[in-house]
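Trainee: I should like to go through the ligand surroundings in this model and ask, for each term, what justifies its use.

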Amino acid sequence: MSSASLKEMRNGGEDYSNGHGGGGVRDLYGEDCATEDQLITPWTFSVASGCSLLRDPRYNKGLAFTEGERDAHYLRGLLPPAIFNQELQEKRLMHNLRQYEVPLHRYMAMMDLQERNERLFYKLLINNVEELLPVVYTPTVGEACQKYGSIFRRPQGLYISLKEKGKILEVLKNWPEKSIQVIVVTDGERILGLGDLGCQGMGIPVGKLSLYTALGGVRPSSCLPITIDVGTNNEKLLNDEFYIGLKQKRATGQEYAELLEEFMHAVKQNYGEKVLIQFEDFANHNAFDLLEKYSSSHLVFNDDIQGTASVVLAGLLASLKLVGGTLVDHTFLFLGAGEAGTGIAELIALEISKQTKAPVEETRKKIWLVDSKGLIVSSRLESLQQFKKPWAHEHEPVKSLLDAVKAIKPTVLIGSSGAGKTFTKEVVETMASLNEKPLILALSNPTSQSECTAEEAYTWSKGKAIFASGSPFDPVEYEGKLFVPGQANNAYIFPGFGLGLIISGAIRVRDEMLLAASEALAAQVSQENYDKGLIYPPFSNIRKISAHIAAKVAAKAYDLGLASHLPRPKDLVKYAESCMYSPGYRSYR
Ligand SMILES: NC(=O)C1=CN([C@@H]2O[C@H](COP(=O)(O)OP(=O)(O)OC[C@H]3O[C@@H](n4cnc5c(N)ncnc54)[C@H](OP(=O)(O)O)[C@@H]3O)[C@@H](O)[C@H]2O)C=CC1
Ligand SMILES: CC(=O)C(=O)O
Ligand SMILES: [Mg+2]
């Protein structure tokens, strides 16, 4: 065997991914498997005490250090005498957070906490998820990304730029954690509905991974946020003296493809076959190609295409309890035919095909999409991007959304355009005139880009609409009745989905797993939720929901022969729960 193939085996094989060298000793830092000409990082580790313990977010407990721990770890005098337990710390911090009136200040306070005391950060997030999700996630994370250069304090993830071309493996080795299970990676080109924010998109992988831990129970140390910086076409950022990224136009074509190829190769070499790579907020001209290119060689998942599809399908399945009929009885119209729109459309078509046994080419026919040029119809076929072509049905051209609603007469209207205020009064009124209970989903984030507000959906439809949105809205009172809008956001899916892949040791993602996740989420909607008009369960139950999603996804991985953790656990829900990170403090000897 050649030395090249020997090296390949050592680096790419499962032994390496598990960090097992000879004799079952974990070669976590790649020192043993590196050849003499390969560079290694001389990591050293020591027991933290005194100030360095207080400054280590993983182990810091602030005022919760006990008398014994203060003695044993040289903390005397470094802390005031009071001892607070974690519950009291949580109460104090929630009180402080509520004093900030500006959402971005809350975001910054939460990021400070994450950098100071990781367990307390997660304790707060888990116990106050409905209140804090809009702070660490949409909508506030959008503003944080827009201002990331100004608010940047300490790096929270890995930055891989064109400057690192040829050295990406070395850059990965600079990250101090070695047992990585999930990477969320962006190139910052389509951050929420805010467009190209370049390197400042880092807020998104950081936020998504904090939800992996809080909502899905994946250990924080096994999560790695990455931003790939290939430049930005955002003139405002290019002219901003505080911009933290490369000040050049975006690399495209071969230069872009080569950097991504090196990245994907290096990730597999460093972390093995079973690390989940979640693509997030890439522009659609790269997103579909990357997903297709790497789905047969890596464990990849595109949250905007697949996660969004799964969460919306779950909402649709649940909504049938309120609107009646089965999926095949409905007609769907989308505003926005990009990653989210076509991803959702395809999963709906697959689910109908599964239910009716009709070929997917047939089931697509009741799903229509509008893009910036109007309704997607067959006369536009030649000029359409590849991912839109399956939706070019026979119909005369239609320019506006309102005319499309009148022509198609949908029962379900889904906004996935990133363009705010596009569900006008006339559009919502027309939906209400066509349907007893129109289902209206305004998915675009953040709140400023929402196709309409909850209040607009309920008042313009005269209380008929069943409404959910990507970013949260408060309940609305209309004619003496309280309407509670749901949040149709992929945050319901990706944490549990990822957990399911991890606990089963899945090596590939398949559409059947997305369908299983949708069904699992829909099954978690209770009668009490339906009575309020909700098609999603509350986020306050999200860890239980994630365990159920994880169990169904893992079960599917086992059924499809894609799971590598054997034997298959008997009770996958219990097993998923038992694997979840919990943020309570640990005692130190
Ligand atoms: N709630 C959730 O969980 C999620 C929400 N989203 C949100 O969905 C939005 C879109 O994301 P994504 O699909 O990835 O974006 P893409 O850029 O891939 O797609 C956007 C689509 O909207 C169309 N479009 C843009 N402006 C208009 C307009 N004024 N009228 C009609 N069509 C328009 C574009 O048309 P054209 O193709 O002609 O350019 C394109 O088809 C974002 O705001 C994002 O935050 C995304 C993922 C998850
Ligand atoms: C929620 C999400 O992934 C997005 O808006 O892009
Ligand atoms: Mg996204």
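Trainee: What makes the pairing of Asp281 with ligand 2 a polar contact?

Mentor: In this predicted model, an N or O atom in the side chain of Asp281 is 2.9 Å from an oxygen atom of ligand 2. A polar contact requires a pair of N or O atoms within 3.5 Å, so the pair with Asp281 qualifies. Polar side-chain atoms of Asp304, at 3.0 Å, and of Asn445, at 2.8 Å, also lie within reach of a ligand 2 oxygen under that cut-off.

Trainee: How much of ligand 2 does the protein bury?

Mentor: Taken alone, ligand 2 exposes 210 Å², and the protein buries 90% of that. By class, its shell has six charged, three polar and two nonpolar residues.

Trainee: How do you know which backbone atoms make polar contacts with ligand 1?

Mentor: The same cut-off of 3.5 Å applies. A backbone N or O atom of Ala340 lies 2.9 Å from a ligand 1 oxygen, and one of Ser417 lies 3.4 Å from an oxygen of ligand 1. For Ala488, a polar backbone atom is 2.9 Å from a nitrogen atom of ligand 1. Each pair is within 3.5 Å and therefore counts. Taken alone, ligand 1 exposes 930 Å², of which the protein buries 83%.

Trainee: Why is ligand 1 said to lie between two domains?

Mentor: Its shell receives residues from both domain 2 (137–301) and domain 3 (305–487), so ligand 1 lies between them. Helix H16 (303–323) and helix H17 (339–356) each supply at least two residues of that shell.

Conventions
Residues are numbered from 1 along each chain as its sequence is written. Chains are lettered from A and ligands numbered from 1 in the order in which they are written. This is a predicted model: local features need pLDDT of at least 70, side-chain atom pairs count only at pLDDT 80 or more; totals for chains, interfaces and linings use all residues. Side-chain values use heavy atoms; hydrogens and water are left out. A polar contact is a pair of N or O atoms within 3.5 Å; within protein, one must be able to donate a hydrogen and the other to accept it, and residues adjacent in sequence count only if both atoms are side-chain atoms. Accessible areas come from the Shrake-Rupley method with a 1.4 Å probe; for residues, only the protein chains shown count as cover. Helices (H or I, at least four residues) and strands (E, at least two) are DSSP runs, numbered from the N terminus. Domain bounds come from an automatic or database domain assignment. Ala, Val, Leu, Ile, Met, Phe, Trp, Tyr, Cys and Pro count as nonpolar, Asp, Glu, Lys and Arg as charged, and the others, Gly among them, as polar.
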